[in-house]
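Biologist: I'd like to learn how to read a ligand site and a helix packing in a model. Could you take me through them step by step?

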Amino acid sequence: MTTNIRFQGGTAVITGAAGGVGGGLARQAAALGMNLVLADLDVDRLAAIAGTLETEVITVPTDVADPAALEHLADQAWRRFGRVDLLFNNAGVLRAGLSWEISPEHFQRCFSVNVMGVHHGLRAFVPRLLKDGTPAHIVNTASLGGFLSSPMLAPYNASKAAVVSLSESLYGELKMLGAPIGVSVLDPGPVRSGIFDAPFGDGGGNPAVRSFVDFIQGHVNGAGGITPDQSAAHLFAGIQAGLFWILPFPENLDHAFRQRVEGILARRPPDVYVPEP
Ligand SMILES: NC(=O)c1ccc[n+]([C@@H]2O[C@H](COP(=O)([O-])OP(=O)(O)OC[C@H]3O[C@@H](n4cnc5c(N)ncnc54)[C@H](O)[C@@H]3O)[C@@H](O)[C@H]2O)c1
């Protein structure tokens, strides 16, 4: 299967575009000749990335936790470019902690951004895409955490599992309607980015949690990590191939996920999964 969406001259909308993964997506989309609508909370870094791209680009300060902000983003995209071909619901935050110590505010923030941010994106964009009736594609950024539940990252894992589930529902709904809108769910891989920069919010973090986070961060920022541009190349190859599951690092997922599913079917308690994301 391949996709029939328009890359050259098409329009890509990217949330979290000022971050590592989002910046890679923006560069790859620009290299394919796409016009860009870049959205993020971080207006300065958004402008800096936009300034490096040789394509038509607008930046829209956006908090994806706010449904009105996504409506505004869609308004801006259609007003400037008249169509949208690719929507990346990519903005995300990570909070770490022991499940019973993490604050309700931090747990809530993971869901407000990672889950409701995707939902607000769907509510703002899908009706307009259906009305246009042109081929389009929606990519929701999940994570290994959406498939494998490590300790110390409960709100992040739970939110990403929700993104996986929501994406499967969305895929089924669009199929049932016969809409020309594809869906993918993405694990970008172990990408060197800012995602671990403030995992404890304002707090210092429990020492056990801190060493767990240090381990993952060291792995991603060291030899185990890839660049945002490498990640984006995998992603666009997946979209072009018409994949729903864009999970380009089977060595990080498949064995542990199979063990998890087999464990559930055998009614075994979970293995304690420590990611090398
Ligand atoms: N880096 C990895 O290894 C990795 C692995 C799996 C999944 N992911 C996912 O990839 C996505 C991008 O993360 P990243 O690694 O580039 O991290 P990042 O921190 O570099 O980028 C995330 C971007 O999202 C923006 N953002 C945060 N909250 C927002 C909000 N409410 N509204 C709009 N923008 C907001 C941030 O300002 C930042 O620019 C996330 O969904 C993350 O969970 C990353």
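Modeller: Happily! Let's begin with what "near" means: a residue counts as near a molecule if one of its heavy atoms lies within 4 Å of it. Keep in mind that this is a predicted model.

Biologist: Which residues come nearest to the ligand?

Modeller: There are 30 residues around the ligand, and Val21, Asp40, Asp63, Tyr156 and Ser193 come nearest.

Biologist: Which helices each supply at least two residues of that shell?

Modeller: They are α1 (20-31), α4 (104-132) and α5 (154-177).

Biologist: And how do the shell residues divide into nonpolar, polar and charged?

Modeller: The shell around the ligand has 13 nonpolar residues, 11 polar ones and six charged ones.

Biologist: How do I spot polar contacts with the backbone?

Modeller: Look for a pair of N or O atoms within 3.5 Å. Here, a polar backbone atom of Gly20 is 2.9 Å from an oxygen atom of the ligand. For Gly189, a backbone N or O atom lies 3.0 Å from a ligand oxygen, and for Gly194 the distance is 2.9 Å.

Biologist: How much of the ligand does the protein bury?

Modeller: Taken alone, the ligand exposes 820 Å², and the protein buries 93% of that.

Biologist: Now the helices. At what angle do α1 and α7 pack?

Modeller: Helix α7 covers residues 228-240, and α1 packs with α7 at an angle of about 60°, their axes 8 Å apart. Angles of 65 to 115 degrees would count as roughly perpendicular and those under 35 as roughly parallel, so α1 is oblique to α7.

Biologist: Is that crossing left-handed or right-handed?

Modeller: The crossing of α1 and α7 is right-handed.

Note on methods: Residues numbered from 1 in each chain as written. Predicted model: local features only at pLDDT ≥ 70, side-chain atom pairs only at ≥ 80, totals over all residues. Heavy atoms only, no water. Polar contact = N/O pair within 3.5 Å; in protein donor to acceptor, adjacent residues only side chain to side chain. Areas by Shrake-Rupley, 256 points an atom, 1.4 Å probe, with all protein chains shown as cover. Helix = DSSP H or I, 4+ residues; strand = E, 2+ residues; numbered from the N terminus. Nonpolar A, V, L, I, M, F, W, Y, C, P; charged D, E, K, R; others polar. Axes fitted to C-alpha atoms, helices over the stretch in contact; angles between N-to-C directions. Parallel < 35°, antiparallel > 145°, perpendicular 65-115°, else oblique. Left-handed = near helix turned anticlockwise from the far one by under 90°.
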